[in-house]
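Let's take a friendly tour of a protein model, looking at its empty spaces and at the helices around them. Have the structure open as you read.

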Amino acid sequence: SINLPRHFVNGKIDLKLMESTIKTAMRMLDNVIDSNLYPTIEGKTSNFRHRPVGLGIMGFHDALYELGINFDSPEALRFADENQEFISYHAILGSVELAKERGVYSTFKNSKWDRGIMPVDTLALLEAERGSQIPVPKTGKMDWNFVCQQVKMFGMRNSNTMAIAPTATISNIAGS
């Protein structure tokens with residue numbers, strides 16, 4: 001998990017520091033797949049084939065407090081949206097960087113990534129399947145065309161990059 005409060009400098013999140021943390025975290029999470037002890041052969045086989053990782057966050061409420069944002073405000077939603085977009089953007093680029101070095105995961109071919117479908121694009125697929133609109137913003141502030149081009153050129157090392165982390169214990173340990 002990325003500890004958001006640890007990325008504050010002079011009252012705001014240092015995006016360069018967070019970008020560096022995300023890149024390091026993606027490398028560490030990918031390494032865990034290779035060094036982990038698996039209780040079943042099925043789990044090991046699946047992890048080696050798909051190489052899923054789950055980068056999460058902790059300290060979200062601490063970050064809101066630090067920024068002076070009310071927890072139940074539209075500003076909190078905006079911060080969450082922009083923060084998670086930033087993390088997703090750099091987690092995907094971190095996996096691309098690893099794919100350049102170590103190769104793509106073995107089931108990458110014909111995956112959504114391989115077909116140029118980014119996570120935000122799956123909202124349209126879900127809406128079509130359900131036959132109804134999902135009332136969330138589908139806009140972003142970052143250059144997703146660049147990310148798509150990088151994935152197209154180099155592939156992905158990991159089938160998944162982000163997850164909702166089980167942060168209750170780890171946040172107590174890390175003090176957030």
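## The second largest pocket

The second largest pocket has a volume of about 370 Å³. Keep in mind as you explore that this is a predicted model. Which residues sit closest to the centre of this pocket? They are Leu15, Phe79, Glu82, Asn83 and Phe86, out of 14 residues that line the second largest pocket. Two or more lining residues come from each of these elements: strand S3 (12–13), helix H1 (15–35) and H4.

Of these elements, H4 is a good one to remember, since H4 gives the most to the lining of the second largest pocket, with six residues. Sorted by class, this lining has eight nonpolar residues, one polar residue and five charged residues.

## The largest pocket

Now turn to the largest pocket, whose volume is about 680 Å³. A set of 24 residues lines the largest pocket, and those that lie nearest its centre are Ser88, Pro119, Val120, Trp144 and Met162. The elements that supply two or more residues to this lining are helix H4 (74–102) and helix H5 (122–130).

Which element gives the most to the lining of the largest pocket? Here, too, the answer is H4, with six residues. As for the classes, the lining of the largest pocket is made up of 12 nonpolar, eight polar and four charged residues.

## A cavity beside H1 and H4

Some empty space can be found by a simple idea. Rolling a probe the size of a water molecule over the atoms shows where empty space is left. How many cavities of 30 Å³ or more does the structure hold? The structure holds one, and the largest cavity contains about 30 Å³ of space.

Try finding the residues that line the largest cavity: Lys23, Met26, Arg27, Gly94, Glu97 and Leu98. H1 and H4 are the elements that give two or more residues to this lining. By class, the lining of the largest cavity has two nonpolar residues, one polar residue and three charged residues.

## A closer look at H4

How does the span of H4 agree with what 1.5 Å a residue predicts, and what is that span? The 29 residues of H4 should span 42 Å at 1.5 Å a residue, and the end C-alpha atoms of H4 are 41 Å apart, so the two values agree. Just after H4 comes glycine 103, which takes a positive phi of about 95 degrees.

## How other helices pack against H4

Two packed helices are described by the angle between their axes and the distance between the axes. Start with H1 and H4: their axes come within 9 Å and cross at roughly 50 degrees. H1 and H4 are therefore oblique to each other. The crossing in which H1 passes H4 is right-handed.

Next, look at H4 and helix H6 (residues 144–154), whose axes come within 9 Å and cross at roughly 20 degrees. Are H4 and H6 roughly parallel or oblique to each other? Angles under 35 degrees count as roughly parallel, and H4 and H6 are therefore roughly parallel to each other. The crossing of H4 and H6 is left-handed.

Last comes helix H3 (residues 60–67), which packs with H4 at an angle of about 120 degrees, with their axes 11 Å apart. That angle makes H3 oblique to H4. H3 passes H4 in a right-handed crossing.

Terms used:
Residues are numbered from 1 along each chain as its sequence is written. This is a predicted model: local features need pLDDT of at least 70, side-chain atom pairs count only at pLDDT 80 or more; totals for chains, interfaces and linings use all residues. Side-chain values use heavy atoms; hydrogens and water are left out. On a 1 Å grid over the protein atoms alone, a cavity is a set of points where a 1.4 Å probe fits but cannot get out, and a pocket is an open set with protein on both sides within 12 Å along at least five of seven lines; lining residues have an atom within 4 Å of a point. Grid points are joined across faces, edges and corners, and a volume is the space filled by probe spheres set on the points. Helices (H or I, at least four residues) and strands (E, at least two) are DSSP runs, numbered from the N terminus. Ala, Val, Leu, Ile, Met, Phe, Trp, Tyr, Cys and Pro count as nonpolar, Asp, Glu, Lys and Arg as charged, and the others, Gly among them, as polar. The expected span of a helix is 1.5 Å times one less than its number of residues. Axes are lines fitted to C-alpha atoms, for helices over the stretch in contact, and angles run from 0 to 180 degrees between N-to-C directions. Angles under 35 degrees count as roughly parallel, over 145 as roughly antiparallel, 65 to 115 as roughly perpendicular and the rest as oblique. A crossing is left-handed if the near helix is turned anticlockwise from the far one by less than a right angle, and right-handed if clockwise.
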